[in-house]
Amino acid sequence: MRRAPLPLLAALALTMAVSACSVGGAPRSDSAGGPVRHHEGAPWSGGDETATKDDPRSTFGVDVDTASYGYARRLIMDGRLPERTAVRPEEFVNSFRQDYAEPAGDGFAVHVDGARLPDTHEASGAVRLMRVGLQTRAEDRESRPDAALTFVVDVSGSMDEPGRLDLVRDALHTLVDQLRPTDSIAIVAFSREARVVREMTRVSDAEELHDAVDSLRTRDSTNLEAGLVLGYRVARDGFRTGATNRVIVLSDGLANTGRTEAEPILRRVRDEAAKEIALLGVGVGSEYGDELMEQLADQGDGFVVYASERAQARKLFVGQLPATLSVRALDAKVQVSFDPKTVRSYRLIGYDNRALDDEDFRDDSVDGGEVGPGHSVTALYAVRLADEASPSARVARVQVRWTDPHDRRAAEAYESVTVTDLDRAFGAASPRLRTCYAAAYFAQALRGGPYGREVRLGDLAAIAEEAAAASEDAEVRDLARVIRRAAELS
């Protein structure tokens, strides 16, 4: 299983996009805007409710990936709906700030709250929304370890389109200017073959690095395998003990030369990846190989984002990457234990490819997620309460387990939640919780299926607008615009 990304991902993913495909669901015609329409026969994928008497525990690896929301956002604003299999609800939710309190030390603070569903939601009155939030302590730019970054840049012919290699060059120039003089950068370029543009170089030699970035020019076909293999070799040669060592691939993911599937490529680099060289993929371009890049992330202990706009990518490279290169927690996992006397059934919204066996929670050989400083992780549950559940009854105990990145010791934190904690009216819930609801069920509507048909897009947009006004958050306001645009396209 892939490790979850550092905080860069949460910010970068607001600029994501995916190649076009249409989705849908059972149409409902009214002023509020019904679910989007799917192609006939398209498969629906979504988690079902689990009866607590059959399995009272829900276990998953932490994932702070947010690429899916950005994918959908760009397509929708361009007048197209995303393919439903590219819609991942947890990534929609984790695209938005939460304002959880930080822990005093390393590791996680655990926050659990919830609310009734809004009146516009077509579901049983016994169902409650439960939010599980994790938060790590922030770290300033100067106190983080040095970074040794190897950029593997796609210079194939397809990268000549505006918004591809030009965006990559601009982002790299910006990053060189923002990193510390003691950080290091290497650059590998690949098309049909791969070549070293610049060996590992201290950022104090910025002029040489800028010249290397300027020299990047498009050529012919795309041999992603060659680029990754050489990139990891350069990263290994320039490995710095005690630093954050990463390979960062910048590509449209449209591999057409050499091996073009994730598993054979990963076999070539897995030994290097296991030696503490993590992988980050940055996708670009209006046509994008999401499947290959996502598989590399899923199977390669890495993660992938997609940057579509120069101004946003520049801001994110400046504001996020330099300050968030270190790691707070490795192999982070969550286990939620529901009380069968209080809860009839539950459903985790999203995290479909992060599910773990319950016994894997304390098996530290099983991968969880990697989380950086100052980052939040959110998971939402739809919880169906038992009849006449006591207000003081415990609904669930939430535990998170992780290993310290320095001494590899395991640690845990936990929190409990009662019926009363989940029983506030939706309108009285925090703006951040209401944003989570709007984002999660927007994803459900795009995916279709029974849960997507419980909501209407117009209602979700109104909820997002109210949450944006209360939180004064421009990104939530933008979410409302995206939902309304999706309603127009459905």
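Just after helix α2 comes Gly-79, whose phi angle is positive, near 95°. Helices here are DSSP runs of type H or I with at least four residues, strands are E runs of at least two, and both are numbered from the N terminus. Keep in mind that this is a predicted model, where local features need pLDDT of at least 70 and side-chain atom pairs count only at pLDDT 80 or more, while totals for chains, interfaces and linings use all residues. Residues are numbered from 1 along each chain as its sequence is written, and side-chain values use heavy atoms, with hydrogens and water left out.

Let's stay with α2 for a moment. Is this helix enclosed or open? Of its 11 residues, 9 are buried, so α2 is largely enclosed by the rest of the structure. Buried means a relative accessible area under 20%, exposed means over 50%, and partly exposed lies in between, using a 1.4 Å probe and protein chains only. Among the buried residues of α2 are Tyr-69, Gly-70, Tyr-71 and Arg-73.

Ser-68 is another good residue to look up. Ser-68 sits in helix α2, which spans residues 67-77, and its relative accessible area of 1% is why it counts as buried. Which residues does Ser-68 touch, not counting those up to four places away in sequence? They are Ala-86, Val-87, Arg-88, Glu-91 and Phe-92, where contact means heavy atoms within 4.5 Å. With Arg-88 there is also a link through the side chain of Ser-68, which reaches the backbone nitrogen of Arg-88 at 2.8 Å. A polar contact of this kind is a pair of N or O atoms within 3.5 Å; within protein, one must be able to donate a hydrogen and the other to accept it, and residues adjacent in sequence count only if both atoms are side-chain atoms.

Now step further along the chain to the loop between α3 (89-93) and β3 (109-116), where you will find Pro-103. Pro-103 counts as buried because its relative accessibility is 13%. Its C-alpha atom is separated by 5.8 Å from that of Arg-137, although the two are 34 residues apart along the chain. Besides Arg-137, Pro-103 touches Phe-108, Ala-109, Gln-135 and Thr-136, leaving out residues up to four places away in sequence. The loop between α3 and β3 also holds Asp-99, which has a positive phi of about 65° although it is not a glycine.

Next, look at strand β5 (residues 147-154), the home of Thr-150. With a relative accessible area of 0%, Thr-150 is buried. Setting aside neighbours within four places in sequence, the residues in contact with Thr-150 include Ala-186, Met-200, Gly-231 and Val-247.

How do helices sit against each other? Two packed helices are described by the angle between their axes and the distance between the axes. Helix α4 (residues 165-178) and helix α5 (residues 206-214) pack at about 175°, with axes 10 Å apart. Axes are lines fitted to C-alpha atoms, for helices over the stretch in contact, and angles run from 0 to 180 degrees between N-to-C directions. The two helices α4 and α5 are therefore roughly antiparallel to each other. That word covers angles over 145 degrees; under 35 is roughly parallel, 65 to 115 roughly perpendicular, and the rest oblique. The residues of the contact of α4 with α5 divide into 5 nonpolar, 2 polar and 3 charged. Here Ala, Val, Leu, Ile, Met, Phe, Trp, Tyr, Cys and Pro count as nonpolar, Asp, Glu, Lys and Arg as charged, and the others, Gly among them, as polar.

A second pair is α10 (residues 431-447) and α12 (residues 457-471), whose axes come within 9 Å and cross at roughly 155°. That angle makes α10 roughly antiparallel to α12. Their contact residues divide into 12 nonpolar, 2 polar and 3 charged.

Two more loops complete the walk. Arg-354 lies between β12 (343-348) and β13 (369-371), and at 1% relative accessibility it counts as buried. The side chain of Arg-354 reaches the backbone oxygen of Gly-368 at 2.9 Å. Glu-388, in the loop between β14 (376-385) and β15 (394-403), counts as exposed at 83% relative accessibility.

Finally, step back to the whole chain. It has 13 helices and 16 strands, and buried residues make up 60% of its 490 residues.
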